[in-house]
Amino acid sequence: MVLTVKLTNLVDDYCFKMGLLGEHGLSMLLETPGGKVLIDTGSGFAMDFNIGALGVDLSQVDAVAITHGHSDHIGGLKLVLEKARKLMPVYAHPEVFQERVKKNDAGDLFQTGSPFTREELESAGAEFIFHTEPVEVVPGIMLTGYIERGFDEIKTRSHFVYKDGDLCPDPFVDDQAAVVETEKGLCIVFGCAHSGVINTMNYVEKITGEKYFYGIFGGTHLLQAGEEQLKHTLAEIERRQVKVLGVTHCTGINAKSFFDRNFTGESCQIVSGSCMEI
Ligand SMILES: [Fe+2]
Ligand SMILES: [Fe+2]
């Protein structure tokens, strides 16, 4: 079966087009012959503006998938539900609503979890499907569920959760990625890749049996990665024979620039309003 997939970035940190907004966050609309799935919803500020400018009708979306519970991914969910005006299946890990905080350089804590409760979102139309295992959302689009971590790639130490009242480093148990079947090969769409880019690729191989991927898109959380980690990550991406690399959001300018200069395949810009067909 020919599977042409359309990927549209509705919200991203970067925006180079007049008439669209950028914000810290990510939202990607995936359209396949099997259905339309919205991966994440941004922070909730740019979505309304951008869907109007792009002419996106959220009532046509079949399901929403939340890659993890950071506010820059789940913060726009209430608005998405209000715009969709229907009951909407929402896939997420059961820990997606856990309280999470970030510590800034001055040591101050600020909330980074969902700005809405499960009940508030259900009142707006969400029908949550909590899962930890891989799940098919529509034909051709699956979610990984919990991603096994064989390799210590979680370099950020500024994200915390509460455990028995104490602050503990966030293990990002709710982090997941989307896997999209195309006629050119599998593509992986990350939210923030908090489980690690390499761990996610390894886990996708484990659950699909596919060693090689056509495309990698989304946030890779390599903001604080040093040269050694960037080289190792790129070597693993190359080993997977990836042809198109569209990393964005929390990848960071340094890592994005490194990939643009060194990736042997096609390195593309994914920003608010970017649209590509695979
Ligand atoms: Fe993020
Ligand atoms: Fe995140």
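This report describes the predicted model of the protein, from its overall dimensions to selected helices, strands and residues.

## Confidence and overall form

The structure is a predicted model, and its mean pLDDT is 95, with 98% of residues reaching 70 or more. Confidence is highest in strand β4 (residues 63–65), at a mean of 99, and lowest in strand β12 (residues 166–169), at 90.

The protein contains seven helices and 18 strands. Along the principal axes, its C-alpha atoms fill a box of roughly 50 × 45 × 40 Å. The radius of gyration is 17 Å, which agrees with the value near 19 Å that a compact globule of 278 residues would have. Of contacts between residues at least 6 apart in sequence, 73% join residues at least 24 apart.

## The nonpolar core

Buried residues account for 47% of the 278 residues. The largest nonpolar core comprises 67 residues, and those with the most contacts inside it are Leu30, Ala178, Ile188 and Val189.

Leu30 can be followed through its contacts beyond four places in sequence. These residues are Val5, Leu7, Val37, Ile39, Ile141, Ala178, Val180 and Val189. Two of the partners, Ala178 and Val189, are listed with Leu30 among the residues with the most contacts inside the core.

## Helices α1 and α3

Helix α1 spans residues 47–54, and its buried residues are Met47, Asn50 and Ile51. These residues lie on the same side of α1, because they cover an arc of only 95 degrees around the axis. The elements that cover them include strand β1 (6–11), strand β2 (27–32) and helix α3 (77–84). After α1 comes Gly55, with a positive phi near 70 degrees.

In α3, the buried residues are Leu77, Lys78, Val80 and Leu81. Seen down the helix axis, they fall within an arc of 160 degrees, and therefore line one face of α3. Arg85, just after α3, also has a positive phi, of about 50 degrees.

## Strand β6 and its two partners

Strand β6 (residues 100–103) runs antiparallel to strand β11 (residues 159–163), to which three bridges join it. Strand β6 also pairs with strand β7 (residues 109–111), again in the antiparallel sense and over three bridges. Val101 takes part in both pairings: its bridge partner in β11 is Phe160, and its bridge partner in β7 is Gln111.

β6 and β7 form a hairpin with five residues between the two strands. Within that turn, Gly107 has a positive phi of about 90 degrees.

## Val138 in strand β9

Val138 belongs to strand β9 (residues 135–138). This residue counts as partly exposed because it has 17 C-beta neighbours inside 10 Å, whereas a buried residue requires 20 or more.

Beyond four places in sequence, Val138 is in contact with Thr32, Gly34, Gly35, Val37, Asp62 and Ala63. One of these partners, Ala63, is 75 residues away along the chain, yet the C-alpha atoms of Val138 and Ala63 are separated by 8.4 Å. Val37, another partner of Val138, is also in contact with Leu30.

Technical notes. Residues numbered from 1 in each chain as written. Chains lettered and ligands numbered in written order. Predicted model: local features only at pLDDT ≥ 70, side-chain atom pairs only at ≥ 80, totals over all residues. Buried ≥ 20, exposed ≤ 12 C-beta atoms within 10 Å, placed from the backbone. Helix = DSSP H or I, 4+ residues; strand = E, 2+ residues; numbered from the N terminus. Arc of directions from axis to C-beta. Contact = placed C-beta atoms within 7 Å. Pairing = 2+ DSSP bridges. pLDDT = per-residue confidence, 0-100. Rg over C-alpha atoms; globule rule 2.2 N^0.38 Å. Core = buried A, V, L, I, M, F, W, Y, C linked by C-beta atoms within 7 Å.
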